[in-house]
Amino acid sequence: MPELPVLSGEAIYAAVSPAEAIARVRDAFVRHRRGEWRMPAKVYLDSPPHGDFRAMPAIGGDLAMLKWISSFPSNPGEHGLPAVIGQVLLSDARTSEPVALLDAGAVTALRTGAVAAVAADALAAGRSVGIVGCGLHGAWAARCLVAAGYGPGVCFDMRAEAAESLAAELGWRAGARPEALAADVVCCVTPGHAPVVETQDLHPGLHLNMLGADGPGKAEATVDAVLACELFCDEWAQASHGGELTGAVEAGRLRRDAVTDLGAVLTGEAPGRSEPEAVTLFDSTGLAIQDLAVAAAALEALRDGRVEAQTVSL
């Protein structure tokens with residue numbers, strides 16, 4: 001086997017700008033909708049009481065990908081480790097030869113941030129931003145929204161220093177949760193253990209990007225709040241099983257025909273919000289095609305000589 005390039009998180013952030021990530025993720029949704037890119041269902045492997053592992057394969061163009069990643073919420077406090085750790089393996093779809101190994105944490109952060117901007121462009125009515133949860137993924141959602149021309153914004157986090165740091169970076173301001181929720185585009189990026197959006201928080205013209213509830217039992221909004229919105233998701237199979245929509249589905253209050261896929265909006269097959277005063281909600285559970293899009297962009301930058309990589313021999 002030839003030497004395999006290994007791209008660190010720092011290299012991936014240098015290789016793929018927020019604007020590039022947004023364009024690549026938008027294109028991935030369109031290609032997936034058209035059947036050009038494919039992905040089996042995400043596989044969850046529980047590791048109680050610590051967290052879970054996820055296996056996420058996808059294929060598109062000349063590349064196939066497997067992402068092996070974890071979600072261990074207690075890692076930062078108990079072990080001084082990131083909550084999300086993993087790897088992305090890219091292979092040549094024509095020969096099966098491995099072509100690169102990438103840090104999954106950076107790929108995940110970029111594609112999570114990028115889809116916040118893609119969904120806002122497709123569904124939002126205004127430009128002001130609220131960030132509820134200013135950790136790694138909340139920060140990249142904010143950066144990608146800035147790259148897409150959104151702002152100004154209000155940052156809220158239970159850790160005041162996290163909100164203040166992100167606000168200072170972007171020239172926004174830190175504020176209370178109700179202030180962040182009063183924005184036109186609100187990104188909720190919390191662990192999903194307790195709702196941060198209730199029915200009384202909704203206001204005309206609001207667009208919600210729900211980015212934190214990425215597994216069974218998690219939710220960032222109450223069921224009543226979810227059902228008060230016009231609903232969109234990245235993929236129904238994932239969203240109905242382990243996303244923001246799951247609670248309403250399990251309660252028998254939400255059916256498939258009440259939820260529109262983002263890909264259908266992007267291809268023009270379905271409309272976005274019905275009117276400027278409507279309240280829209282996008283349930284993002286994270287798709288393997290998004291990871292493939294960002295990883296492919298990083299590989300392209302490596303092959304063009306725009307970033308450097310370490311190498312290992314298999």
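These legends go with close-up views of two pockets and three helix pairs in a predicted model.

**View 1. The largest pocket and its centre.**
Start with the open space itself: the largest pocket has a volume of about 1100 Å³. Its lining takes in 47 residues. If you want to find the middle, look for Ala83, His137, Val189, Thr190 and Pro191, which lie nearest the centre of the largest pocket. Sorted by class, the lining of the largest pocket has 21 nonpolar, 17 polar and 9 charged residues.

**View 2. Helices and strands around the largest pocket.**
Here we pick out the elements that help line the largest pocket. Two strands, β3 (51–60) and β4 (63–71), give at least two residues each, and so do two helices, α4 (104–123) and α5 (136–147). Which element supplies the largest share of this lining? That's α4, with 6 residues. Keep an eye on α4, as it turns up again in the helix views below.

**View 3. The second largest pocket.**
This one has a volume of about 300 Å³ and a lining of 17 residues. Arg24, Asp62, Leu63, Ala296 and Glu300 are the ones nearest the centre of the second largest pocket. Both α2 (18–33) and α12 (288–303) put at least two residues into the lining, and the largest share, 6 residues, belongs to α12. The class count for the second largest pocket runs to 7 nonpolar, 2 polar and 8 charged residues.

**View 4. Where α4 meets α12.**
The two helix axes come within 9 Å and cross at roughly 110 degrees. An angle from 65 to 115 degrees counts as roughly perpendicular, so that is how α4 and α12 sit relative to each other. The crossing of α4 past α12 is right-handed. On the α4 side the contact uses Val107, Thr108, Leu110, Arg111 and Val115, and on the α12 side Gln290, Asp291 and Val294. By class, the α4 and α12 contact is a mix of 4 nonpolar, 2 polar and 2 charged residues.

**View 5. Where α2 meets α4.**
Next up is α2 against α4, packed at about 70 degrees with the axes 8 Å apart. That angle makes α2 roughly perpendicular to α4. From α2, the residues in the contact are Ala21, Ile22, Val25, Arg26 and Phe29. Facing them from α4 are Leu110, Arg111, Ala114, Val115, Ala117, Val118 and Asp121. How many polar residues does the contact of α2 with α4 have? There are no polar residues, just 9 nonpolar and 3 charged ones.

**View 6. Where α4 meets α5.**
The last pair is α4 with α5, whose axes are 8 Å apart and set at an angle of about 45 degrees. The two helices are therefore oblique to each other, and α4 passes α5 in a right-handed crossing. On the α4 side, look for Gly105, Thr108, Ala109, Leu110, Thr112, Gly113, Ala114, Ala116, Ala117 and Ala120. The α5 side brings in Leu136, His137, Trp140, Ala141, Cys144 and Leu145. You may recognise His137 from View 1, where it is among the residues nearest the centre of the largest pocket. The contact of α4 with α5 has no charged residues, and its classes are 11 nonpolar and 5 polar.

Notes. Residues numbered from 1 in each chain as written. Predicted model: local features only at pLDDT ≥ 70, side-chain atom pairs only at ≥ 80, totals over all residues. Heavy atoms only, no water. 1 Å grid on protein atoms, 1.4 Å probe; cavity = no way out; pocket = protein on both sides within 12 Å on 5 of 7 lines; lining within 4 Å. Points joined across faces, edges and corners; volume = space filled by probe spheres on them. Helix = DSSP H or I, 4+ residues; strand = E, 2+ residues; numbered from the N terminus. Nonpolar A, V, L, I, M, F, W, Y, C, P; charged D, E, K, R; others polar. Axes fitted to C-alpha atoms, helices over the stretch in contact; angles between N-to-C directions. Parallel < 35°, antiparallel > 145°, perpendicular 65-115°, else oblique. Left-handed = near helix turned anticlockwise from the far one by under 90°. Contact = heavy atoms within 4.5 Å.
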